[in-house]
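Here's a friendly walk through a protein model for someone meeting it for the first time. Have the sequence and the 3D view open as you read.

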Amino acid sequence: MTGDLFRDTVEPLAEGAVLLREFATAEAPALMAAVTNIAAASPFRHMTMPGGYDMSVAMTNCGDLGWVTDRRGYRYDPVDPDTGRSWPSMPPLFASLATRAADAAQYADFTPDACLINRYEPGARLSLHQDKDERDFEAPIVSISLGLPATFLFGGLRRKDRPRRIRLESGDVVVWGGPSRLVYHGVAPLADGDDPLTGGRRINLTLRKAR
Ligand code: MD3
Ligand code: FE
């Protein structure tokens, strides 16, 4: 007897960062159905970085604000620049899962107002970066992985800190806050694979408090 229901599923990664393995597995089909709905209104697109390169990861958003990049820079925008309309509203399931995951990681009352949805085809990658376009860094970021597994790169507070490699699988949820909120991180090029839920891709949801 351990008396600890989450003995095998709550995995501290670093100070302030917690991996909740399979936390969203039961909801994965509902999450994916919601992503398909969102993408019908605000389609996935390869955004352009300020330096002129198109990202290999395709993105869309839901919630009051969406993260966008173009030649002018990065920003949170209430309007989808591709449709000229508001982003689709955040499904209650996204917000409730994020609040529950944050709670499990000891961050009370997390209320996301933005959800960036990343879609990785095989070969797509995200180079090492910090997330610092949000207005305050007090709130954590909750990430939900669906579909093909990925190698997540988890660095330190300096770009030169050598990143650890962490395998993230469908249903895994990670909460990043406190001292881990501004660590450099990225995703290694996605390997090929079959995944019926996502059609051979990886989807990552990041729930954020952008303002
Ligand atoms: C650690 N997404 O959207 S999720 C991103 O898998 C992003 O698509 C990756 O990095 C993905 O910005 C990683 C895990 C994650 C998200 C945000 C973080 C880790 C983080 C913010 C601070 C520290
Ligand atoms: Fe990031």
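## Before we start

One bit of vocabulary first: two strands count as paired if DSSP finds at least two bridges between them. Keep in mind, too, that this is a predicted model.

## The iron site

Let's begin with the metal. Which residues are the protein donors of the iron ion (ligand 2)? They are H129 and H185, each through NE2, and D131 through OD, and they lie 2.0 to 2.2 Å from the ion. Along the chain, these donors follow the spacing H-x1-D-x53-H. That brings distant parts of the chain together: H129 belongs to strand β9 and H185 to strand β14, 56 residues apart.

The strands tell the same story from another angle. β9 and β14 run antiparallel and are joined by two bridges, and H129 in fact stands opposite H185 of β14.

## The four-stranded sheet

Those two strands are part of an open sheet of four strands, with the order β9-β14-β11-β12 and antiparallel pairing. At its edges you'll find β9 and β12 (164–168), each of which pairs on one side only. Neighbouring strands here are turned by 20° against each other on average, direction ignored.

## The largest pocket

Now for the open space. The largest pocket holds about 780 Å³, and 38 residues line it. Which of them lie nearest its centre? The answer is L126, S127, H129, D131 and H185. Three names there should ring a bell: H129, D131 and H185 are the protein donors of the iron ion (ligand 2).

Several elements give two or more residues to this lining: β5 (73–77), β8 (114–120), β9 (126–129), β10 (141–147), β14 (185–187) and β15 (202–208). By type, the lining divides into 18 nonpolar, 10 polar and 10 charged residues.

## The seven-stranded sheet and its helix

There's also an open sheet of seven strands, again with antiparallel pairing, in the order β1-β2-β13-β10-β15-β8-β3. β1 (10–14) and β3 (58–63) stand at the edges with a single partner strand each, so one side of each has no neighbour in the sheet. On average, neighbouring strands are turned by 20° against each other, direction ignored.

Packed on this sheet is helix α2 (residues 92–104), which touches β2, β3, β8, β10, β13 (173–176) and β15. The direction of α2 makes about 115° with that of β10. Over at the β1 edge, β1 pairs with β2 (residues 17–20) in the antiparallel sense over four bridges, and V10 stands opposite L20 in β2.

## A hairpin to finish

Last stop: β4 (residues 66–70) and β5. A hairpin joins these strands through two residues. They run antiparallel, with five bridges between them, and W67 has Y76 in β5 as its bridge partner. β5 also links back to the pocket, as one of the elements that give two or more residues to its lining.

Notes
Residues are numbered from 1 along each chain as its sequence is written. Chains are lettered from A and ligands numbered from 1 in the order in which they are written. This is a predicted model: local features need pLDDT of at least 70, side-chain atom pairs count only at pLDDT 80 or more; totals for chains, interfaces and linings use all residues. Side-chain values use heavy atoms; hydrogens and water are left out. On a 1 Å grid over the protein atoms alone, a cavity is a set of points where a 1.4 Å probe fits but cannot get out, and a pocket is an open set with protein on both sides within 12 Å along at least five of seven lines; lining residues have an atom within 4 Å of a point. Grid points are joined across faces, edges and corners, and a volume is the space filled by probe spheres set on the points. Ala, Val, Leu, Ile, Met, Phe, Trp, Tyr, Cys and Pro count as nonpolar, Asp, Glu, Lys and Arg as charged, and the others, Gly among them, as polar. Axes are lines fitted to C-alpha atoms, for helices over the stretch in contact, and angles run from 0 to 180 degrees between N-to-C directions. Contact means heavy atoms within 4.5 Å. Donors are N, O and S atoms within 2.8 Å of the metal (3.2 Å for Na, K and Ca); water is not among the atoms, so sites may look incomplete.
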